[in-house]
Amino acid sequence: MQHLVIVGGGHLAAALITGLYRQGFDGRVTLLSAEDSLPCNRPVLSKEYLKGELTEEGLALVAQHVWDDPRFTCQLNTRVSEIDRQQKTVVANGHLIPYDQLVLATGTTPRRLDIPGHELTGIHYLKTLSDARQLRGALQPGKRLAVIGGGFIGLEIAAAARQSSMDVTVLEAGERILGRVVAPEVSDCFMQLHQNHGVDIRTGVGVENFMGQQAIEAVRLTNGEVLAADQVVVGIGVVPEVSLAQQAGLECDNGIVIDQCCRTSDPAILAGGDCAVQFSPLYNRNLRLESVQNTSAHAQTILAQLTGQPIPEPAVPWFWSTQYEARLQIAGLNPDYDQLIARGQDTQARSWLYLKQGRLVACDAINRPADFLQAKKMIMTETQIDIPKAEDINIPLSQCIA
């Protein structure tokens with residue numbers, strides 16, 4: 001009976017276990033997770049869960065009847081410290097566990113801000129359910145929250161905090177919020193959205209140190225200003241968790257390097273999700289994507305690999321974020337676009353098309369799900385865009401083909 005060991009307790013592990021259960025996998029599966037809770041829906045931790053719209057029971061990704069099946073075992077609070085590729089064993093909490101196939105689903109770790117005062121209580125990072133539970137308890141009406149980092153995670157938490165009637169300031173070291181993922185015009189739209197909801201956004205400013213006796217009381221900025229704060233959230237990006245893969249001698253390059261079948265440099269070890277870097281035929285370069293969509297795609301590929309099914313075709317990357325009444329859906333990647341087309345002026349529902357030599361490469365859509373869905377198909381087929389038509393929001397995007 002084949003023994004599959006999965007290291008990591010996130011979306012990839014949950015999707016694999018659920019898929020193997022449904023397909024009647026005839027081996028044993030052991031999940032080794034360093035966390036203290038079963039795999040949960042992470043993206044909603046910074047959104048619906050923080051706002052109190054979801055209970056912890058509603059976060060589970062694997063149904064209880066799966067865990068009741070003796071083929072599937074989960075060991076929580078279990079840290080894997082070593083892989084022996086020759087013996088095909090891992091060391092977990094000091095115990096040897098053999099494997100026939102190993103899946104590394106180690107994900108990412110929040111980037112730490114190790115400045116003076118970082119040990120004070122009231123400074124939060126968000127990754128696990130335990131983190132979210134603590135943060136939700138800290139979102140108290142009338143209290144002052146400083147959010148360090150103007151990316152998706154920081155802005156989603158800022159939105160949840162404002163909806164909890166907190167006094168919120170966002171501190172972004174870059175020139176604009178969402179600077180790594182969207183065009184300046186889209187950044188401006190979200191800047192206005194947050195300001196309309198009472199968030200104070202400061203760009204081009206860093207943090208010098210945290211201030212307080214035992215708990216956080218203030219944040220000193222690089223411009224010398226002291227900002228009072230009862231709670232702080234740090235959301236300055238993540239780093240792929242590759243230490244275990246490096247210990248095992250697997251190829252790593254800003255992530256665990258995998259092929260189109262999610263195999264590492266050791267054919268007995270597979271990897272996927274946020275920790276993995278893979279060549280993209282669509283973009284002709286290696287990519288490490290931090291998205292549930294990419295993780296789900298890797299899970300389907302690994303599932304096919306384990307069960308002898310055809311490997312799914314690559315898909316267009318996509319991402320999403322909900323802030324207040326705005327649901328942003330992003331299709332594709334935009335690092336080297338040469339033209340931006342705006343569709344509509346309504347701040348409640350509009351989209352932007354990123355073109356390269358007239359070809360659609362990405363789309364940002366706010367409350368425009370039809371544009372998002374049509375863009376995914378058009379990006380995959382490298383569609384040339386009729387620009388005058390595309391600028392008319394009343395014309396469906398599918399009809400804006402040159």
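Helices here are DSSP runs of H or I with at least four residues, strands are DSSP runs of E with at least two, and the elements are numbered from the N terminus. Please keep in mind that this is a predicted model. Here are some points to follow on the structure.

1. **The second largest pocket.** This pocket has a volume of about 430 Å³. It is lined by 22 residues, and those closest to its centre are Gln 260, Gln 278, Asn 294, Pro 314 and Ala 315. Which elements each supply at least two residues of this lining? They are strand β20 (276-280) and helix α7 (292-307). Of the elements, α7 gives the most, with 6 residues.

2. **What that pocket's lining is made of.** Sorted by class, the lining of the second largest pocket has 13 nonpolar residues, 8 polar ones and 1 charged one.

3. **An enclosed space.** The model also holds 1 cavity of 30 Å³ or more. The space in the largest cavity comes to about 40 Å³. Its lining comprises Ser 46, Lys 47, Lys 51, Glu 156, Ala 159, Ala 160, Gln 163, Thr 322, Gln 323 and Tyr 324. By class, this lining divides into 3 nonpolar, 4 polar and 3 charged residues.

4. **Who builds the cavity wall.** Helix α4 (152-163) and strand β22 (318-323) each contribute at least two residues to the lining of the largest cavity. The largest share, 4 residues, is from α4.

5. **From the cavity to a hairpin.** Strand β22 leads on to another feature you may like to look at: β22 and β23 form a hairpin with 2 residues between them. Tyr 324, a lining residue of the largest cavity, sits in the turn and has a positive phi of about 55 degrees. The two strands pair in the antiparallel sense over 6 bridges. One of the pairings puts Ser 321 opposite Leu 328 of β23, its bridge partner.

6. **Strand β23 and its other neighbour.** Strand β23 covers residues 326-332, and 6 of its 7 residues are buried. How many bridges join β23 to strand β26 (residues 359-366)? There are 5, and these strands run antiparallel. Leu 328 appears here again, with Ile 366 of β26 as its bridge partner.

7. **Helix α3.** For helix α3 (residues 129-138), the buried residues are Leu 129, Ala 132, Leu 135 and Ala 138. They pack against strand β9 (123-124), helix α4 and strand β16 (231-234). Helix α4 is thus a partner of the buried residues of α3 and also a contributor to the lining of the largest cavity.

8. **Cysteines.** The structure holds 0 disulfides. Cys 252 is in none: the nearest cysteine sulfur, belonging to Cys 275, is 8.9 Å away. A disulfide would need the two sulfur atoms within 2.5 Å. Cys 261 is in no disulfide either, with the sulfur of Cys 262, the nearest from another cysteine, 7.8 Å away.

9. **Buried or partly exposed?** How do Cys 252 and Cys 261 count by accessibility? Cys 252 has 26% relative accessibility, so Cys 252 counts as partly exposed. Cys 261 has 17%, and therefore counts as buried. The cut-off for buried is under 20%.

Technical notes
Residues numbered from 1 in each chain as written. Predicted model: local features only at pLDDT ≥ 70, side-chain atom pairs only at ≥ 80, totals over all residues. Heavy atoms only, no water. 1 Å grid on protein atoms, 1.4 Å probe; cavity = no way out; pocket = protein on both sides within 12 Å on 5 of 7 lines; lining within 4 Å. Points joined across faces, edges and corners; volume = space filled by probe spheres on them. Nonpolar A, V, L, I, M, F, W, Y, C, P; charged D, E, K, R; others polar. Buried < 20%, exposed > 50% of the residue type's maximum accessible area, 1.4 Å probe, protein only. Contact = heavy atoms within 4.5 Å. Pairing = 2+ DSSP bridges.
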